[in-house]
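Colleague: I'd like a close look at a single part of this one. Could you walk me through it?

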Amino acid sequence: SQPRHIGLVVDMGLATHALLALLPLALGNQVVYVPMSYYVPVPVVHYSLDPVQPVANQIPTPHGNRRHELVPKASYHGNCPDTTFDWQEWESGATANIRVKRPATRAVNDWEVELVWDHPLADLQVYNGLAKSVDGASYKIGPTQWSTRSAENQDMVNFSFKAEFSADQPRPGLKGVVVDGKYHTCKPGAAASTGVTTKGVRLAPHAQWPSKVMGLYILLADDSEDGYDSNADWEPELFEWQQEGSNVLFFTFIHPDTMDVPPSFQKMAASRGTDKPGAVPADTVIMFAIGGYAYSIKPNPWHWLTSKEKAEAMAEKVARWPELYGCDGIDLDLEEGAGSKKDAGPNMIHFIRRLKELNPSMIVSQPVYGYPQVQAESDVINASWDTDGNSQGLADSLGLMVYEGTQALQYVKNYANGAGQWQGFPIKVNAPKNTILLGAKGSSSSATIMKLAQASVKEDLLGIMVWYASVKNGFDYAPFWDASTKNDSIAGYKSAMALFKKAMASSKTAAEAAKPAEDSMVVKEDNVVVVGE
């Protein structure tokens with residue numbers, strides 16, 4: 001029987017070679033010769049059985065000012081370093097490992113751990129443990145019948161979970177871990193506002209929109225961050241590098257439902273030009289950013305964009321922000337979701353037009369996706385310039401929310417030459433290049449940052465906007481993304497700011513040299529004296 005088996009193997013090998021030879025002919029109409037002696041190895045694919053394995057490399061980086069990326073957020077969660085490990089978050093959920101140290105005298109199968117969230121979850125899957133009961137936002141976990149502890153770890157309970165968040169509910173955060181009845185706080189509670197006001201505070205004079213912008217989106221308010229919500233009263237301060245390495249600050253984010261200016265915004269703006277620690281420099285432009293990705297998904301729609309009357313009424317409120325709170329303008333971060341509503345774009349145009357009537361000096365910036373796919377954003381751009389690049393008195397600038405590497409440069413043409421694209425292209429106008437900001441990821445390398453800065457100077461683009469940077473005493477979304485966590489990035493932004501200052505000084509000198517000769521004449525009585533000859 002042995003020769004028969006050998007013959008069978010040989011026949012199967014010949015069949016395999018024949019299939020390999022014919023497959024390219026069937027798929028690509030190509031003639032390929034495969035020698036019979038050629039060995040084609042079959043790769044062994046290892047599939048992870050870990051249900052909480054991240055899949056960061058399988059998801060392309062989306063455009064937009066988003067809160068969470070699918071990257072490790074932290075080694076642990078909040079104030080629970082002794083119980084939570086390998087904490088990872090993304091927009092729709094979180095995974096983590098729970099390790100609980102218990103007395104070795106306790107029996108293996110008598111433990112109970114309760115995970116307490118500040119909002120209910122859509123679902124919770126537990127691995128190496130069993131979800132025993134659910135009470136609102138509390139989930140009690142116990143051992144499975146087969147779970148054991150190793151001999152060298154007799155006092156440790158170890159399980160993992162995957163939490164799914166509801167898109168139509170507030171974002172949950174792990175508030176506490178209860179171990180055998182003992183409560184461990186994982187997040188500080190939200191601080192109640194003390195009613196911060198700038199009344200009686202002398203606000204600094206408004207700064208001018210620079211011809212070269214080095215702008216940072218700084219994190220000041222987020223209703224999904226306990227202790228930093230829209231009403232939280234805390235003390236934000238800029239890092240020294242942010243004072244030196246930027247000339248525009250985008251404060252994020254104002255909630256579009258209330259359109260109330262958070263206390264953190266008020267405090268940070270009131271510091272401009274003062275000698276307070278972490279104060280905003282006197283010549284730095286302050287932009288209040290409205291919305292963002294999360295606040296475009298919910299609420300949807302933005303209530304003040306559902307009619308012309310509501311839009312204009314909101315403009316009357318916002319027009320007073322510079323006087324009341326010290327900002328210089330607003331950043332209209334209306335993204336997919338609320339930005340895709342049919343009425344959102346036309347009513348946003350009504351809002352901006354009325355705002356400019358009431359306060360012509362207010363700066364309005366419009367962030368956009370690299371490819372124009374949010375209708376409201378495209379509506380604003382099409383109403384703000386014409387095909388010759390002439391301003392229509394609405395948006396003053398647009399920013400490309402494309403943050404990986406130097407990819408933003410690839411999308412400039414979609415707006416600088418929108419009218420020259422194919423028929424049916426969403427952008428119908430040509431925005432001047434000097435109104436376009438290039439997006440940069442906070443943790444970009446210094447080499448990438450300088451490429452963007454040099455391109456801004458060479459191509460006469462407006463500059464760079466950075467998503468994002470955390471501030472002192474504040475919160476963070478993902479250290480992987482944050483400009484404030486990378487020394488190389490910080491050095492890059494300082495160098496870019498220095499390059500922009502040099503470019504602006506050169507432009508100013510050139511402009512002064514180009515003034516007509518009559519501007520340098522002094523008239524005295526009937527005699528004309530030419531100065532400088």
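Which strands does helix H3 (residues 263-270) lie across, and at about what angle does it run to S12?

Modeller: Keep in mind that this is a predicted model. Helix H3 lies across three strands: S11 (213-219), S12 (248-254) and S13 (285-291). Its angle to S12 is about 165°. Those strands belong to a closed barrel of eight, running S11-S12-S13-S14-S15-S16-S17-S18 with parallel pairing. On average, neighbouring strands there are turned by 25° against each other, direction ignored.

Now go to the other end of that run. S17 (residues 436-441) and S18 (residues 463-469) pair in the parallel sense over five bridges, and Ala440 stands opposite Val466 in S18. Helix H10 (residues 446-458) lies across S17 and S18, at about 150° to S18.

Then there are the aromatics. One cluster is formed by Tyr217, Tyr228, Trp234, Phe250, Phe253, Trp467, Tyr468, Phe475 and Tyr477. The structure holds 19 aromatic pairs. One of them, Trp241 with Tyr493, is stacked, at 5.9 Å centre to centre and 20° between the planes. Trp241 sits in helix H2 (residues 240-244) and Tyr493 in helix H11 (residues 487-513), so this pair ties together parts that are 252 residues apart in sequence. Both partners are buried: Trp241 has a relative accessible area of 6%, and Tyr493 has 0%. Trp422 and Phe425 make an edge-to-face pair, because their planes are at 85° with the centres 5.4 Å apart. Phe425 is buried too, at 3% relative accessibility.

Methods: Residues are numbered from 1 along each chain as its sequence is written. This is a predicted model: local features need pLDDT of at least 70, side-chain atom pairs count only at pLDDT 80 or more; totals for chains, interfaces and linings use all residues. Side-chain values use heavy atoms; hydrogens and water are left out. Rings of Phe, Tyr and Trp (its six-membered ring) pair if their centres lie within 6.5 Å; planes under 30 degrees apart count as stacked, over 60 as edge-to-face and the rest as tilted. Helices (H or I, at least four residues) and strands (E, at least two) are DSSP runs, numbered from the N terminus. Buried means under 20% relative accessible area, exposed over 50%, partly exposed in between (1.4 Å probe, protein chains only). Two strands pair if DSSP finds at least two bridges between them. Axes are lines fitted to C-alpha atoms, for helices over the stretch in contact, and angles run from 0 to 180 degrees between N-to-C directions. Contact means heavy atoms within 4.5 Å.
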